[in-house]
Amino acid sequence: MKKRNLQRFGATLLMGVMALGTLTGCGSKDSDDAGSGNMKNEVAGMEGWSKFDEQVTLQIPVYNRGVADLDSVSDNGYTKYVQENFGNKYNIKMEFIPITRSDVMTDYALLASTKNLPTFLMEYDYPKVTQWAADGYLQTIDLDVFANIAPTYYNRMVAQNQLAYTKINYDTYFVLAERPYYDTTYTYCTFVRMDWLEQVGITEVPKSYADYCTAMDKIIEAGIAEHPAGGTMVTAAYVANFGFRNYPVSGEDWAMHSSLSTPSFSWEPTKKLIKRANSEYNKGYTDPEYYITDAETAKAKFINGETYSYGGYMSATVDWLDSFYAANPDAKLAIASNYGGVEAGVQEFPQIRADNPYGMTIGFSSSATDDEIKAAMMYMEWCTQPDVLYTLQHSDWNNYNNSKDFWCVTIESVKAATIEEAIKAIAPQGLPQDFAQQMIDNYYELRKIADAGHAYTDPAFAAVVNAESEYNATLMSKYVEYYDKLVMCDPAEFDKLYEQYSKEYLEAGYQAIIDERLALYKDGKSTKLPWDK
Amino acid sequence: MAKKKKNIELYAPTTWKKAFQRDWQLYLLILIPLILVIVFNYAAYPGMRMIFYDYKPAKGYDGSEFVGLETIKKVFKDNDFFLALKNSIKYNLLDLALGFPMPIILALILNELRFPRFKKVTQTILYLPHFLSWVIIGSLAYQLFRPSTGIVNIVLKNFGLIKDGIPFLTEPGHWMVTYLLIAVWQGMGWGTIIYLAAITSISGELYEAAMIDGANRWQRIWHITLPGIKSTAVTMLIMNLGRIMGSNFERLESFGNSGVKSEQYQLAIYIYEKGLAGNNFSRATMVGVFQSLVGLLLVIVADKVAKKLGEDGLL
């Protein structure tokens, strides 16, 4: 009898625990107590900070890039250092929230729907952060308070003319991190097979489009590669058509079409770009299967010695360069010239897309308390201190060495006394070739282009472009379809097809987007081109 | 007399109280799946009111704008929705036409195998594709069927059977056939389980009697095995009809490319592109509810038809 009772009790307990476990999974995070009212300190800056009476939880978003062999985003050398040297000192519990790099908007939407947004939200793309402001993810910021708690950070924003980017519809929503040398894109390098060029009697990297075509023809003719230009499927909305634009481009055209979020299909420079791609496809430079080739396969093709060029962001360790030399120990690479696309009547001189004059755009969660926001501002100021930043950028912590995702809250790249030093810090190490000098030369080539006024970025709108969220995904899908059809079509049919697809694209929502952008531009709710200021 | 009384007690109508006192452990056991269904299925139902709001997650229902039937009107005015709907129905009907009979045929063939070890190994090999995700299957398919560098085309070319590569996955017509046949390959083995189980419930005496009467193997299949699994097949058909409006994003995305957009564009893609990717959760919910309602309607109609034809039905 006793045994049976015990069994019954056990069964009842088990059921109860399982049922409770199911139900507790549906709970949501309790919101913290109301804020502390006046957030300003009597003394501005770190000297005025004091330990919080009650522990404050500061949730920091960190991009999870899905890289293998790394420690957890939320528990590694960085997180421990920050907790020990900042959190413990001010009674702040640091929590690092992983955000999927390839699906930022969905991750934040899920966190918002469960009332679990991190204390602050950050992103590189301005349209995304304006969307968050419009959708109620963010609260407004009192910049006086920010200047009081984080004066180093704030004064830097003022010195770098970033205040124009802090407002949406006259309300302040953002603070902005620094992006050194933003107008030169020197951290991205395209490498070409110098040994192939030398094999076909060419002694330097192509410095015009005619030179490039000659090189491709000779490489194919010599049987070195069947389709040396390779190619990958289109996955990004950014259309690299800066070189094909008129100079100076008109402010209205720029406002309507220059964007990272919607492909500028139907615009003349995009037509020129795709027409060139069509020509290269029909001449056999491009891999006929490029439209079903993803980025990883394209990388593998370069490593396997099937394609002429490949590019990426530089750091002390570049995995694909390591793999390339392991597979091709006698190969010789060179950094491509920025003049390789220049062609009379099509691309008179190189123009490049400068980065934004700021790094991360940061807003504070609408559900964060005053204490949490104060802790976030303190954290941003603390990270900006030179000694702290140096430690964050140069410590080798459990495979996370130089992972900017942990210090992008204040700056986007390592800043040094000279550009030469900054480049040496990110030049790939341990390879048969040393690329530091070529990277420095590449920087000065880019510097020359930027100084000539040929590097500029996209407009930032101080309001949400509603049609973008409505139509962007559809337009992206249509662009990929039209792009591939145009690249692979008979050159004689190109113009007619481009016109037909442009009409369909405009009707599918692009017209609504460009109308809205133009109206905002005319209302003065956008940034201006350097030559229109 | 005592025996009679006991029988009366056994079949006498019982009460909730008595039933619970007698079998409370069983009721507690059923409580777990019941709670799971209530929490994860029915508890989500209030979320369907999202259709009538311009729903923003951070604002919740109170802060989001009430838009009435606006979302429904937008969806039904959208040509892309009708393209996705047409493609979904077309492909689900083709999936059904090809995929539904295959497990039955395969189960009949497996049932006829007489060497037990061979039968078991064959069954295991046939089940395995079911456990592969669509992402892996899609990736393998591209490796096999690329027009120039796919293994299948290379082999065909080397044997001189073709001059140019067959665009198995890059041209709409070829894509349709490849896409459907790969799904048959993936699902047919797993689908046989239920039919093999149904076949085992058929009395062996029927087969013995038929053999004595001189029925050959084909006649035994036709007159005993098939009628024996008919009610199972009808139930499976009704359940499959409920999925006519369904759409598998993982499968479509794994086989997608720009060349076959006109065929690949089905409801799951529509929901992702026009709903989730643009943070338009109201539209995604609306199309999801539409799919469920039509699916439910089809199940009810199919069930009634089955019952009129003398079958047991599902509901």
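**Burial and shape, chain B.** I looked up burial in chain B: 27% of its 315 residues are buried (20 or more other C-beta atoms within 10 Å of a residue's own, with C-beta atoms placed from the backbone). This is a predicted model, where local features need pLDDT of at least 70 and side-chain atom pairs count only at pLDDT 80 or more, while totals for chains, interfaces and linings use all residues. Residues are numbered from 1 along each chain as its sequence is written, and chains are lettered from A and ligands numbered from 1 in the order in which they are written.

I then checked the radius of gyration of chain B and got 26 Å, against the near 20 Å of a compact globule of 315 residues (taken over C-alpha atoms; the globule rule is 2.2 Å times the number of residues to the power 0.38). Its C-alpha atoms fill a box of roughly 80 × 65 × 35 Å along the principal axes. I find 16 helices and 2 strands in chain B (DSSP runs, H or I of at least four residues for helices, E of at least two for strands, numbered from the N terminus).

**Where A meets B.** The contact takes 30 residues from chain A and 29 from chain B (C-beta atoms, placed from the backbone, within 7 Å). On the chain A side, H1, H3 and H17 each give two or more residues, and H17(A) has the largest share with 9 residues. I sorted that side into 15 nonpolar, 10 polar and 5 charged (Ala, Val, Leu, Ile, Met, Phe, Trp, Tyr, Cys and Pro are nonpolar; Asp, Glu, Lys and Arg charged; the others, Gly among them, polar).

**Helix H18 of chain A.** What does H17(A) help to cover? Together with H9 and H10, H17 is among the elements over the buried residues of H18(A). Those buried residues include A:Tyr498, A:Tyr501, A:Tyr505 and A:Arg517.

H18(A) runs over 494-522, and its end C-alpha atoms are only 34 Å apart, short of the 42 Å of a straight helix (1.5 Å times one less than the number of residues). I went looking for a bend and got about 70° at A:Glu507 (angle between axes fitted to the seven residues ending there and the seven starting there). After H18(A) comes A:Gly524, with a positive phi near 75°.

**Domains of chain A.** Domain 1 is 46-176 + 361-406 and domain 2 is 188-355 + 423-532 (bounds from an automatic or database assignment). Their C-alpha centres are 32 Å apart, and the contact takes 12 residues from domain 1 and 13 from domain 2. H4(A) gives the most to the domain 1 side, 5 residues.

Notes: Contact = placed C-beta atoms within 7 Å. Buried ≥ 20, exposed ≤ 12 C-beta atoms within 10 Å, placed from the backbone.
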